[in-house]
Amino acid sequence: MSICGIDFGTSNSAISVKSGKGFELIELEQGNKTTPSALYYPFDGGEMLLGHAAIDEYVTYGEGRLLRGLKSLLGSATYDLQTRAGRKIIKFDEAIGHLVSYLKNSAQTVTGNDIESVVLGRPVQFVGSGEAINETALARLTLVAQEAGFKHIEFQYEPIAAALSYENTIEKEQIVLVVDIGGGTSDFSVIRCRPNADKSLDRKDDVLANWGVRIGGTNLDVQLNLISVMGLLGYESKLKSDFGNVITEVPPSLFIDLATWHKIIFAYEPKNVRLAEDLLRQSLDKPLLKRLLEVMQERLAHQICATVEAAKIELSNTDEKTLDLGFIETGLNSTVTRQAFETSVETLMDRILQALNEVTNAANISANQIDTIMLTGGASNTPVLIKTVSDVFPNANLVKHRSMDAVAQGLGIHAGRVFG
Ligand SMILES: Nc1ncnc2c1ncn2[C@@H]1O[C@H](COP(=O)(O)OP(=O)(O)OP(=O)(O)O)[C@@H](O)[C@H]1O
Ligand SMILES: [Mg+2]
């Protein structure tokens, strides 16, 4: 029997297992210890694919259903809906189950042992609205893990797991603000990290505060998509009503859904296609709305999101990027600057600032009592986010720690302590 830690992420997932020396991340795809949390179900009933293979197949052939960002559905009513790929009905719990089983099976193949015990990561706040989101999401995740064959299931906050991973690398005690900015959520913890922390489970006294907001890299993608691509499909364009001469703007929600990974499949529903047809009829800029309709009929929104996400990542290292949208229309492209991107996410940065304020208040410490800011999660590589955080804590030491796998590693460390 063996034990493991699983980071089921909005964008990427990873698993660590007990090995002789401690905990090790399992190689899931050639050379990669994380895999995109993506599934692809072909319409012709062929084999379901996961990870990079799912995304590649979808982008190359497109004749199937791509699911990404499923973690964001865990706390919502949409979770109980289902979608189809040809004749196959896909339930979201089963889809998440496929991912979790894939992680478990990959680890079992490498270790040669059955794995029955797992510590699953959880954000401080799951994505969704309403009071009971967290309880609902945890209950659903527990069921998925049981279905996948786990007999002992525990949860740990993702930022605390990241801190446990970081703690392995330090030489002196410090107050650390963990900033874990992933695809769907940003999690913050203030933790006293100690190089020789005893291996006891109870670190209550060391965890000074935990805070989370439902903002992640995906929200940045949506803003970049709206300013760079959706305008070419009619976002913010004008309509003239069928009756009278009233001029209005197109409703934004359809464009926002088409720009949001986990909402795209719902945006394609027939009622939305009819809405797009209505908008085209009333549009004062018909070529744009015609493009919108084509994107929906050809199901190109995932490819748009992938192009936008890649551009966002490039904008972390460059001042300007041209998005090639030739897959929508020959020769179509859009150039966006880092400055414009940063302006489009100002409101989100305000909410991050607010959260930083809340977490230090909850920890009952002032900004200059924080020794170290430990950044992790893919989106923590975004310059505007780094600046937003470091401006609040000018005296703290800024450390980037394993942006893609600190959480999975820390969940393994915690698993060793819980089940050890
Ligand atoms: N260099 C980069 N610059 C900016 N963003 C990046 C970079 N690399 C990755 N990202 C973004 O990081 C996000 C994914 O990060 P990560 O894998 O940590 O998320 P996750 O753990 O799956 O999500 P969550 O923890 O919210 O469930 C994506 O939005 C991705 O676009
Ligand atoms: Mg994460």
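The legends below describe three close-up views of this predicted model.

**View 1. The shell of residues around ligand 1.** Of the 23 residues that surround ligand 1, the ones that come nearest are Gly 9, Ser 11, Gly 182, Gly 217 and Gly 378. By residue type the shell around ligand 1 divides into 16 polar, four charged and three nonpolar residues. Domain 1 (2-169 + 403-419) and domain 2 (172-400) each contribute at least three residues to this shell. Among the helices, H5 (217-228) and H10 (301-314) each supply at least two residues of the shell around ligand 1, and H10 gives the most, with three residues.

**View 2. The crossing of helices H12 and H13.** The axes of helix H12 (residues 346-363) and helix H13 (residues 383-392) come within 10 Å and cross at roughly 35°, and the crossing of H12 with H13 is right-handed. On the H12 side of the contact stand Met 349, Ile 352, Leu 353 and Leu 356, which meet Val 384, Leu 385, Thr 388, Val 389 and Val 392 of H13. The residues of this contact between H12 and H13 comprise eight nonpolar, one polar and no charged.

**View 3. The surroundings of Pro 36.** Pro 36, which lies in strand E4 (residues 35-36), counts as buried because it has 21 C-beta neighbours inside 10 Å. When neighbours within four places in sequence are left aside, Pro 36 is in contact with Ser 11, Asn 12, Gly 51, His 52 and Ile 55; Ser 11 also appears among the residues that come nearest to ligand 1. Leu 99, although 63 residues apart from Pro 36 in sequence, is 9.8 Å apart from Pro 36 in space, taken from C-alpha to C-alpha.

Key
Residues are numbered from 1 along each chain as its sequence is written. Chains are lettered from A and ligands numbered from 1 in the order in which they are written. This is a predicted model: local features need pLDDT of at least 70, side-chain atom pairs count only at pLDDT 80 or more; totals for chains, interfaces and linings use all residues. A residue is near a molecule or strand if its C-beta atom, placed from the backbone, lies within 6 Å of it. Helices (H or I, at least four residues) and strands (E, at least two) are DSSP runs, numbered from the N terminus. Ala, Val, Leu, Ile, Met, Phe, Trp, Tyr, Cys and Pro count as nonpolar, Asp, Glu, Lys and Arg as charged, and the others, Gly among them, as polar. Domain bounds come from an automatic or database domain assignment. Axes are lines fitted to C-alpha atoms, for helices over the stretch in contact, and angles run from 0 to 180 degrees between N-to-C directions. A crossing is left-handed if the near helix is turned anticlockwise from the far one by less than a right angle, and right-handed if clockwise. Two residues are in contact if their C-beta atoms, placed from the backbone, lie within 7 Å. A residue is buried if 20 or more other C-beta atoms lie within 10 Å of its own, exposed if 12 or fewer, and partly exposed in between; C-beta atoms are placed from the backbone.
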